[in-house]
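Got your viewer open? Load the model below and keep the selection box handy.

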Amino acid sequence: MIRKYKLAIIGCGNMGRAIARGVLASDVASAEEVAISVRTEESAKRLSDDLGCHVICDNASVAQEAEMILLAVKPYQMSEVLSDIREHISADQIIVSVIAGKSIQSIEEGLMSIEVAGRLKVVRAMPNTPAMVGESMSALCINAHMNDTDIDRVVRVFSAFGKVVQVDEKLMDVVTGVSGSSPAFIYMIMEAMADAAVKWGMTRDQAYLFVSQSVLGAAKMLRDTGSHPGQLKDAVTSPGGTTIAGICALERAGLRAAMMDGIDAAIEASKGL
């Protein structure tokens, strides 16, 4: 069956919108090849003006007409959405879920119908919000009915706005903590760094620029050099210098333990979903 859209996105909050922007900014799909379904006419009008896509309030319609269906709703909305589209999909379509804490099995069971019984292609994905600037870190879990061509198509979508790695589904809660939630933790650290600079007389705008570029550079050093973070830290830390003084203060305050506790808490919360 020839379908009208390459991609349908059901739910377009921060993550759905970030994915849409990434896809449209690449050569994966044009605005005419992407359809979006949202809950209100107000949201539909706003997104249509912003993205140039076909945006309506009809989950079944966009799902039926798309080669790939991306589920980007809140966990509590999943059952309703799966019910909406269950009778309007077929086994040649790919279902991609970015719904936090919801397993491939739960998606399969929620979409089970005579048409797709035992043949549904499902991907569980976990990107993060830096997708908005093309720097997402996405994890993918693939069910048994996906072939190499199907997998390549999904990887291409997520590669449009960042890095992509396939993982075992048992690690998805860990991905949620170390990647999905962690940007918020880093923003807290960055805000605190900027506050300290402001305390010592730097303007707020200057502080955010210095902090953001320093964090960006440090992240790029870690990613691109392949060095252990401890080695990179040591390269900045001169004997008796300013950096070791700061490190000692952070160690006394329990920075590492606090960060590990935060990620642990996010992982436990994800398991609870």
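What follows is a walk from the whole chain down to single side chains.

**Before you click**

This is a predicted model, where local features need pLDDT of at least 70, side-chain atom pairs count only at pLDDT 80 or more, and totals for chains, interfaces and linings use all residues. Residues are numbered from 1 along each chain as its sequence is written, and side-chain values use heavy atoms, with hydrogens and water left out.

**Stop one: the whole chain**

Show the cartoon. The protein chain has twelve helices and eight strands; these are DSSP runs numbered from the N terminus, with H or I over at least four residues for a helix and E over at least two for a strand. Switch to the C-alpha trace, which spans about 70 × 40 × 30 Å along its principal axes.

Now turn on a surface. The accessible surface comes to about 14,900 Å², and carbon and sulfur atoms hold 57% of that (Shrake-Rupley method, 1.4 Å probe; for residues, only the protein chains shown count as cover). Of the 273 residues in the chain, 40% are buried. Buried means under 20% relative accessible area, exposed means over 50%, and partly exposed is in between, with a 1.4 Å probe and protein chains only.

If you like contact maps, take the contacts between residues at least 6 apart in sequence: 68% of them join residues at least 24 apart. Contact here means heavy atoms within 4.5 Å.

**Stop two: Asp-173**

Select Asp-173, in helix α7 (residues 172-180). Buried or exposed? Asp-173 counts as buried, because its relative accessible area is 15%. Leave aside neighbours within four places in sequence, and Asp-173 is in contact with Arg-124, Ile-267, Ser-270 and Lys-271. Draw a distance to the side chain of Ser-270: a polar contact of 2.5 Å joins the two side chains. (A polar contact is a pair of N or O atoms within 3.5 Å; within protein, one must be able to donate a hydrogen and the other to accept it, and residues adjacent in sequence count only if both atoms are side-chain atoms.)

**Stop three: α7 against α8**

Keep α7 on screen and add helix α8 (residues 182-199): the two pack at an angle of about 25 degrees, with axes 5 Å apart. That angle is why α7 counts as roughly parallel to α8. Light up Gly-177, Val-178, Ser-179 and Gly-180 on α7, then Ser-182, Pro-183 and Phe-185 on α8, and you have the contact. These residues divide into three nonpolar, four polar and no charged.

For the cut-offs, axes are lines fitted to C-alpha atoms, for helices over the stretch in contact, and angles run from 0 to 180 degrees between N-to-C directions. Under 35 degrees is roughly parallel, over 145 roughly antiparallel, 65 to 115 roughly perpendicular, and the rest oblique. Ala, Val, Leu, Ile, Met, Phe, Trp, Tyr, Cys and Pro count as nonpolar, Asp, Glu, Lys and Arg as charged, and the others, Gly among them, as polar.

**Stop four: Asp-150**

Jump to Asp-150 in helix α6 (residues 148-159). Asp-150 has a relative accessible area of 3%, so it is buried. Not counting residues up to four places away in sequence, Asp-150 touches Ile-94, Lys-121 and His-145.

**Stop five: Lys-233**

Next, pick Lys-233 in helix α10 (residues 229-236). Lys-233 is partly exposed, at 34% relative accessibility. A polar contact of 3.4 Å joins its side chain to that of Asp-234. Beyond neighbours within four places in sequence, Lys-233 is in contact with Ile-247 and Arg-256.

**Last stop: Ser-61**

Finish at Ser-61 in helix α3 (residues 59-64), which is partly exposed with a relative accessible area of 30%. Draw a C-alpha line to Ala-8: the pair is 53 residues apart along the chain and separated by 9.6 Å.
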